[in-house]
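This report describes the fold of one protein chain, moving from its loops to its sheets, helices and core. Please keep the model open while reading.

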Amino acid sequence: MSTATVIDHPLVQHKLTIMRDKETSTSSFRQLLREIAHLMCYEVTRDLELTEITIETPIAEMRAPTLAGKKLVFCSILRAGNGLLEGMLDLVPSARVAHIGLYRDPKTLIPVEYYFKAPEDLEDRLIIVVDPMLATANSAIVAVERLKERGAKNLRFVCLLGAPEGVRKFSEAHPDVPIFTAAIDEKLNEHAYIVPGLGDAGDRMYGTK
Ligand code: URA
């Protein structure tokens with residue numbers, strides 16, 4: 001059974017509070033999301049394996065640690081996932097990137113796929129799926145299913161906010177995929193928005209309604 005790890009670092013919590021405030025501007029919201037992504041990336045990658053290589057500093061030769069294995073993959077669930085993706089790429093610029101386009105049918109709330117592009121060789125890579133809001137979890141579940149169909153075996157999911165319902169449903173569907181979040185809120189409302197949440201993450205990132 002997968003559990004959610006809440007990243008309770010004071011800087012994450014402080015920035016999240018500003019993001020939740022409805023008076024926060026679009027540009028500040030985007031910038032804060034990028035900054036939180038840095039902090040979350042640091043936590044979600046803290047157990048990556050290292051290997052040693054030989055380098056020469058200006059003073060001496062030494063054996064020094066470097067990331068082992070194949071480059072990791074960030075998978076953004078469009079469009080709000082891109083806000084977290086940008087921050088993650090700041091810290092791991094050599095990562096490969098996958099995009100999955102899913103929108104929620106407003107009536108059924110079922111995710112409809114309109115785009116999928118991922119690196120070919122997912123088998124041996126760590127794949128970090130990003131989407132700021134884990135609400136019903138429908139999109140996240142489908143995204144991970146698609147990646148698994150393409151061979152992905154080692155996945156993690158990073159969001160900013162989770163609803164208890166979404167965290168439960170995702171963990172039941174993908175018990176092998178750990179969730180990292182900045183907070184788990186109270187509930188979902190009748191329109192499947194997280195309460196108290198922060199509104200529509202995509203709209204707040206891009207100034208749409
Ligand atoms: N997606 C959002 O952007 N916000 C929510 O509260 C739920 C889903």
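Pro196 is found in the loop between strand 14 (194-195) and helix 6 (201-206). Helices (H or I, at least four residues) and strands (E, at least two residues) are here DSSP runs, numbered from the N terminus. The peptide bond that leads from Val195 to Pro196 is cis, with omega near 0°. The structure is a predicted model, in which local features need a pLDDT of at least 70 and side-chain atom pairs count only at pLDDT 80 or more, while totals for chains, interfaces and linings use all residues. Residues are numbered from 1 along each chain as its sequence is written.

A cis peptide bond also joins Leu78 and Arg79, with omega about -5°. Arg79 has its place in the loop between strand 4 and helix 3 (81-91).

**Residues with positive phi**

The table lists residues other than glycine that have a positive phi.

| Residue | Phi | Location |
|---|---|---|
| Ala137 | near 75° | loop between strand 8 and helix 4 (138-149) |
| Ala192 | near 65° | loop between strand 13 (187-188) and strand 14 |

Burial is judged by counting other C-beta atoms, placed from the backbone, within 10 Å of a residue's own: 20 or more make it buried, 12 or fewer exposed, and a count in between partly exposed. Ala137 is buried because 27 other C-beta atoms lie within 10 Å. Ala192 has 16 C-beta neighbours inside 10 Å and therefore counts as partly exposed.

**The strands and their pairing**

Two strands are said to pair if DSSP finds at least two bridges between them. Strand 4 (residues 73-78) pairs with strand 5 (residues 96-104) in the parallel sense, over six bridges. Within this pair, Val73 stands opposite Arg96, and Cys75 stands opposite Ala98. Strand 4 is also joined to strand 7 (residues 126-130) by four bridges, and these two strands run parallel. There, Val73 has Ile127 as its bridge partner. Five of the six residues of strand 4 are buried, so this strand is largely enclosed by the rest of the structure.

Strand 5 has a further connection, to strand 6 (residues 111-117): six bridges join them, and they run antiparallel. The bridge partner of Tyr103 in strand 6 is Val112. Strand 5 and strand 6 form a hairpin with six residues between them, and Leu109 in the turn has a positive phi of about 65°.

An open sheet of three strands has the order 8-10-12, with parallel pairing. Strand 8 (133-134) and strand 12 (183-184) stand at its edges with a single partner strand each, so one side of each is left without a neighbour in the sheet. Strand 8 pairs with strand 10 (residues 161-162) over two bridges, and Leu134 has Gly162 as its bridge partner in strand 10.

**Helices with a buried face**

Which residues of helix 1 (residues 10-20) are buried? They are Val12, Lys15 and Met19. Seen down the axis of helix 1, these buried residues fall within an arc of 75°, so they line one face of the helix. The arc is that of the directions from the helix axis to the C-beta atoms. On the other side of helix 1, Pro10 and His14 are exposed. The buried residues of helix 1 pack against helix 2.

In helix 5 (residues 164-173), the buried residues are Gly166, Val167 and Phe170. Viewed down the axis of helix 5, they fall within an arc of 100°, so they line one face of that helix.

**The nonpolar core**

A nonpolar core is a set of buried Ala, Val, Leu, Ile, Met, Phe, Trp, Tyr and Cys residues joined through C-beta atoms within 7 Å. The largest one has 58 residues, and those with the most contacts inside it include Met40, Cys75 and Leu134. Helix 2 (residues 26-44) gives the most to this core, with eight residues.

Two residues are in contact if their C-beta atoms, placed from the backbone, lie within 7 Å. Leaving aside neighbours within four places in sequence, Met40 is in contact with Ile7, Val12, Val158, Phe180 and Ala182. Leu134, in strand 8, counts as buried because it has 28 C-beta neighbours inside 10 Å. Beyond four places in sequence, the contacts of Leu134 include Gly166, Val167 and Phe170.
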